[in-house]
Amino acid sequence: MSKQKYTTIHDIARKAGVSVSTVSRVLTGNTPVAEDKRTAVQHAMDRLNYRPSLVARGLVQGMSATVGVLTQNVASLFYGELVKGIEQGLVGSSHHPLVASGNWRVAEEIAALDLLLQRRVDALIVLNGVLPQERLQAVADQQLPLIIVGRQVAGLEASCLLVENIAGARAATTHLLALGHRRIAHITGLLSQRDALERQAGYWAVLQEAGLADPHLIVEGDFEEESGVRAVEQLLAQDRPFSAIFAANDQLAYGARLALYRAGLRVPEDVSLIGFDDQLSSRYTTPPLTTVRQPIFDIGLAAAQAVLQLLAGEHPVLPLFSTELVLRASTGPVHL
């Protein structure tokens, strides 16, 4: 089998009847070229079906045409939706996303960050995670355009895109109180994360105001379904009654629902259940999950648009995204 022959700038120069340096100047666009020579080069590229290498162009221009996206788990519905928003936000620009996952592990996140930097990405979007703040500050110090989603990093506040987690958690807990629930458990996310801490804070503030706060009804999870299962098992084992659960995200709520089913407890007749995120699957659980909606796709879209503004030398003002309580069938009045 013969090897495929790739067109080079030498081939184009011969076809156009110009020098190699003229072809290079046309490709980079950095130096004026006589119109007749530019036309000859373009016609030669068309006849030879030449497509310039993005890698080679990047080396010449100092740009890679990529935006690094440091996510946690692309298999997650939440992070998948965020990445979809980023992809949509980059449509029509000259940039494309390059995604690497950290899986909530410091060593993996550092390795993923280093990989993206080695690929010479033109900008970076970091989605939550446990990457040390000093590493993020070092990226900013390199003048690499940076947007951080879901985290507040000291000194980089203008680069952080956030959600009203406390207000959302307050709405969820207040809804359960209005249904008559007084023993409300909470399954947190990773407490190293701002969103988990804020959702716990919103829950705790409402119960403190009502004189009903009980630290024994708080169990730490890790935002994954399995930890939702374990958290409910722990709550049931400690023999402290509860009639409702506020889970820090929908995936925790899915796990909690399974554990309640295994224990013979009905939702919402025996235990009301509410999540956070409003992932697409939450509409199709049994029963459909009451949750706090955050605009996941729009957050990714805004992150991409902000990065493009930074690349254009502009200074974007990042929005604070609001949340909305979505009532479905997993919450109901307390049965005494």
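In what order do the four strands of the open sheet lie, and is the pairing parallel or antiparallel? The order is S7-S6-S8-S9, and the pairing is parallel; two strands are taken to pair if DSSP finds at least two bridges between them. Strand S7 (218–220) and strand S9 (272–274) form the edges, each pairing on one side only. On average, neighbouring strands of this sheet are turned by 15° against each other, direction ignored. Axes are lines fitted to C-alpha atoms, for helices over the stretch in contact, and angles run from 0 to 180 degrees between N-to-C directions.

The model is predicted: local features need pLDDT of at least 70 and side-chain atom pairs count only at pLDDT 80 or more, whereas totals for chains, interfaces and linings use all residues. Residues are numbered from 1 along each chain as its sequence is written, and side-chain values use heavy atoms, with hydrogens and water left out. Helices (H or I, at least four residues) and strands (E, at least two) are DSSP runs numbered from the N terminus.

Strand S8 (residues 244–247) pairs with S9 in the parallel sense over three bridges, and isoleucine 245 stands opposite leucine 273 in S9. Helix H8 lies across strand S6 (184–188), S8 and S9, and runs at about 170° to S8. Helix H10 (residues 225–237) also packs on the sheet, where it touches S6, S7 and S8 and makes about 145° with the direction of S6.

The 14 residues of H8 (residues 165–178) should span 20 Å at 1.5 Å a residue, and its end C-alpha atoms are 20 Å apart, which agrees; the expected span is 1.5 Å times one less than the number of residues. Among the buried residues of H8 (under 20% relative accessible area, 1.4 Å probe, protein chains only) are Gly168, Ala172, His175 and Leu176. Just after H8, glycine 180 takes a positive phi of about 100°.

For the 16 residues of helix H12 (residues 296–311), a span of 22 Å is expected and the end C-alpha atoms are 23 Å apart, which agrees. Its buried residues, including Ile296, Ile299 and Val307, pack against strand S1 (66–71), helix H5 (77–90), strand S3 (123–127), strand S4 (146–149), strand S5 (160–163) and strand S11 (320–321).

The largest nonpolar core (buried Ala, Val, Leu, Ile, Met, Phe, Trp, Tyr and Cys residues joined through side-chain atoms within 4.5 Å) has 64 residues, and Ile125, Leu127, Ile245 and Phe246 are among those with the most contacts inside it. H12 contributes the largest share of this core, seven residues.

Definitions and conventions
Buried means under 20% relative accessible area, exposed over 50%, partly exposed in between (1.4 Å probe, protein chains only). Contact means heavy atoms within 4.5 Å.
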